[in-house]
Amino acid sequence: MAHYLLSVIQPSEGEPPAEDEMNAIMGRVAQLQTDMQDAGVWVFSGGLEAPDTATVLARSGDDVLVTDGPFVELKEYVGGLTIIDAPDLDAALHWGRRSTEAIGLPIEVRPFHWAP
């Protein structure tokens with residue numbers, strides 16, 4: 001088994017879903033998480049606040065600089081993530097496909113560099 005990161009790719013512009021639509025999305029996400037747990041692949045999931053809530057730490061010589069806001073300005077950002085423990089890329093892609101169906105946004109599937 002290997003760990004995979006399923007990143008929710010959120011557009012930085014546009015209106016958020018209406019309350020009814022958001023409730024439907026969250027219901028599908030809750031069911032997806034239950035399905036992942038039942039399949040034994042779920043490790044962790046979480047949504048992220050908007051990029052303007054970020055604080056960036058960067059080394060500068062012997063100092064560490066602290067800057068408010070995102071590291072770069074982008075048209076898209078990671079809005080949430082799920083970590084799964086799947087036997088192979090095909091299995092991870094299955095859960096990525098289920099995620100994009102539930103959320104309606106693009107999902108990036110990426111293996112972790114290290115092995116568990």
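**Exercise 1. Pairing along strand E1**

Which residue in E6 is the bridge partner of Val8?

Solution. Some ground rules come before the steps. This is a predicted model, in which local features need pLDDT of at least 70 and side-chain atom pairs count only at pLDDT 80 or more, while totals for chains, interfaces and linings use all residues. Residues are numbered from 1 along each chain as its sequence is written, and side-chain values use heavy atoms, with hydrogens and water left out.

Step 1. Know the elements. Helices (H or I, at least four residues) and strands (E, at least two) are DSSP runs, numbered from the N terminus.

Step 2. Find the partner. Val8 has Ile107 as its bridge partner in E6.

Step 3. Look one place back. Ser7 has Glu108 as its bridge partner in E6.

Step 4. Take the strands as a whole. Strand E1 (residues 2-11) pairs with E6 in the antiparallel sense, over 5 bridges. Two strands pair if DSSP finds at least two bridges between them.

Step 5. Turn to E5. E1 and E5 also run antiparallel, joined by 10 bridges. Within that pairing, Tyr4 has Ile84 as its bridge partner in E5.

**Exercise 2. The sheet and its helices**

State the strand order, then place the two helices on the sheet.

Solution. Step 1. Write the order. The sheet is open, has 4 strands and reads E2-E5-E1-E6, with antiparallel pairing.

Step 2. Mark the edges. Strand E2 (42-47) and strand E6 (107-111) each have a single partner strand, so one side of each lacks a neighbour in the sheet.

Step 3. Add the twist. On average, neighbouring strands are turned by 20 degrees against each other, direction ignored.

Step 4. Place helix H1. Residues 19-39 form helix H1, which packs on the sheet and touches E1, E2 and strand E5 (76-86). Contact here means heavy atoms within 4.5 Å. The direction of H1 makes about 160 degrees with that of E2. Axes are lines fitted to C-alpha atoms, for helices over the stretch in contact, and angles run from 0 to 180 degrees between N-to-C directions.

Step 5. Place helix H2. Residues 89-103 form helix H2, which lies across E1, E5 and E6. H2 runs at about 160 degrees to E6.

**Exercise 3. Salt bridges**

How many salt bridges does the count come to?

Solution. Step 1. Apply the rule. A side-chain nitrogen of Lys or Arg must lie within 4 Å of a carboxyl oxygen of Asp or Glu. The count comes to 2.

Step 2. Take one pair. Asp35 forms a salt bridge with Arg98, with 2.5 Å between the closest N and O atoms. This pair links distant parts of the chain: Asp35 sits in helix H1 and Arg98 in helix H2, 63 residues apart.

Step 3. Take another pair. Arg110 forms a salt bridge with Glu108, with 2.9 Å between the closest N and O atoms.

Step 4. Check accessibility. Buried means under 20% relative accessible area, exposed over 50%, and partly exposed in between (1.4 Å probe, protein chains only). Arg98 is partly exposed at 25%. Arg110 is partly exposed at 47%, and Glu108 is partly exposed at 33%.

**Exercise 4. Thr82 and the core**

Is Thr82 buried or exposed?

Solution. Step 1. Locate the residue. Thr82 lies in strand E5.

Step 2. Classify it. Its relative accessible area is 13%, so Thr82 is buried.

Step 3. Find a polar contact. The side chains of Thr82 and Ser45 are joined by one of 2.9 Å. A polar contact is a pair of N or O atoms within 3.5 Å; within protein, one must be able to donate a hydrogen and the other to accept it, and residues adjacent in sequence count only if both atoms are side-chain atoms.

Step 4. Look around. Leaving out residues up to four places away in sequence, Thr82 touches residues including Tyr4, Met36 and Phe44.

Step 5. Move to the core. A nonpolar core is a set of buried Ala, Val, Leu, Ile, Met, Phe, Trp, Tyr and Cys residues joined through side-chain atoms within 4.5 Å. The largest has 13 residues, and those with the most contacts inside it are Leu6, Met36, Ile84, Ala86 and Trp95. E1, H1, E5 and H2 each give two or more residues to this core. H2 gives the most, with 4 residues.
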